[in-house]
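Here's a quick tour of a few local details worth finding in your viewer. Have the sequence and the 3D view side by side as you read.

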Amino acid sequence: MRVDVGVFAHNEAAGIAAMVARLLEQDILRDPVFSVRILVLANGCSDETAAQAQRDGVEVVDLPEGGKSHTWNRFVQDLARRDADVLVFADADIAFCDAGALRRLVKALGAHWVINSQPVKDIVARPEGLSGMDKIIAAAGGGLDDWKTAICGQLYAMPAAVARRFHLPIGLPVEDGFLRAMVLTDAMTGPEDFSRIAGADGVFHIYSSERSINALIGHQTRIVIGSAINFAAFGAVSAVPVAQRHAELARAAGDPGWLGAVLRKALPRWPFGFVPGHFLIKRLTRAAATPRDLLRPKRLLVTILGFGFDLVVYCRAQWAMWRGTGVGHW
């Protein structure tokens with residue numbers, strides 16, 4: 001089985017050597033069942049990421065144009081081997097759970113279109129010496145519970161033939177959310193098929209958690225902006241006749257102005273402006289589904305504080321998009 005691993009690296013000179021070392025420890029490289037090629041995709045870097053990775057003995061593609069969606073397209077459509085069976089997508093700043101992670105991830109793919117590794121915060125994986133704020137952040141594990149049904153852009157695998165069915169519009173701030181919608185619906189040509197996405201049990205990776213409230217607000221603001229942009233892009237794709245939707249994605253991947261034109265046409269939208277209202281009230285909606293829980297003072301306090309956090313994020317996202325900093329915000 002031929003497996004191509006794309007390592008997405010933007011200004012990772014300080015950590016790329018450690019990532020390459022972790023990759024070279026993976027036992028899939030020594031398993032005769034697999035033919036593995038590792039590509040470090042240094043995209044839009046202004047540091048020594050490419051040079052450092054080359055010194056560490058792996059193949060490097062230095063892409064002057066940054067952006068993860070653009071780099072994803074280049075890897076899938078141009079740079080991966082044409083006879084590759086499986087493509088693995090990995091961020092350069094993660095750590096694997098063990099030396100067998102990539103092998104087990106690939107073998108778990110089966111008939112799925114996407115198989116995920118489970119994301120684990122570093123402050124959860126290594127809980128020693130945490131501050132009070134770290135403990136609060138570690139306990140707030142929201143977003144990890146759906147790792148088997150979402151696409152975690154930090155580490156996942158796809159059959160190469162499936163990946164090549166898709167193109168991502170240039171400039172998406174949250175490309176994995178967009179890709180998930182395209183995979184579930186085959187580029188909006190059919191109903192959602194949730195069997196296409198799964199998680200590899202026992203495979204996880206460790207990522208660096210935000211360690212302050214300001215950083216958490218900034219991170220979540222980027223997520224909300226990206227989701228709002230994806231929502232507008234979904235509308236643009238679905239407005240095209242069904243038979244032309246894959247072609248429309250290919251056009252969006254080749255036109256740097258496609259996404260901006262979509263946003264100018266679609267946003268703001270009455271009555272919520274640039275960001276749909278469900279991003280603000282989704283926590284309240286979940287709480288309303290179990291109203292008896294709100295009778296407990298602790299649960300009520302958490303819900304109130306959570307809504308306050310969501311309100312700050314929602315207002316910041318509206319402001320950023322009103323200023324025109326939505327595309328490329330991340």
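What follows covers a helix pair, a residue in one of those helices, and some backbone features in two loops.

Before anything else, keep in mind that this is a predicted model.

**The α8/α9 pair**

Let's start with two helices that meet. Packed helices are described by the angle between their axes and the distance between those axes. Here the partners are α8, spanning residues 175-185, and α9, spanning residues 213-238. Their axes come within 9 Å and cross at roughly 35°. As for handedness, the crossing of α8 past α9 is right-handed.

Which residues do the touching? On the α8 side you'll find G177, F178, A181 and M182, and they meet N230, A233 and F234 of α9. Sorted by class, that contact has 5 nonpolar and 2 polar residues, with no charged ones.

**E175, in α8**

Stay in α8 for a moment and click on E175, which belongs to this helix. Is E175 buried or exposed? E175 has a relative accessible area of 7%, and the cut-off for buried is under 20%, so E175 counts as buried. What does E175 contact, once neighbours within four places in sequence are set aside? The partners are K68, S69, G153 and L168.

**Just past α8: D186 and A187**

Now move on to the loop between α8 and β8, where β8 covers 197-207. D186 lies in this loop, and A187 is there too. D186 has a positive phi although it is not a glycine, and the same description fits A187, also a non-glycine with a positive phi. Here are the values for the pair:

| Residue | Phi | Relative accessibility |
|---|---|---|
| D186 | about 50° | 11% |
| A187 | about 60° | 0% |

Where does that leave their side of the burial question? With 11% relative accessibility, D186 falls under the 20% cut-off and therefore counts as buried. A187, at 0%, is buried by that cut-off as well.

**Cis prolines between α11 and α12**

The last stop is the loop between α11 (258-266) and α12 (278-288), which holds P268. P271 lies in the loop between α11 and α12 as well. What kind of peptide bond joins L267 and P268? That one is cis, with omega at about 0°. W270 and P271 are also joined by a cis peptide bond, and its omega is about 5°.

Technical notes
Residues numbered from 1 in each chain as written. Predicted model: local features only at pLDDT ≥ 70, side-chain atom pairs only at ≥ 80, totals over all residues. Heavy atoms only, no water. Axes fitted to C-alpha atoms, helices over the stretch in contact; angles between N-to-C directions. Helix = DSSP H or I, 4+ residues; strand = E, 2+ residues; numbered from the N terminus. Left-handed = near helix turned anticlockwise from the far one by under 90°. Contact = heavy atoms within 4.5 Å. Nonpolar A, V, L, I, M, F, W, Y, C, P; charged D, E, K, R; others polar. Buried < 20%, exposed > 50% of the residue type's maximum accessible area, 1.4 Å probe, protein only.
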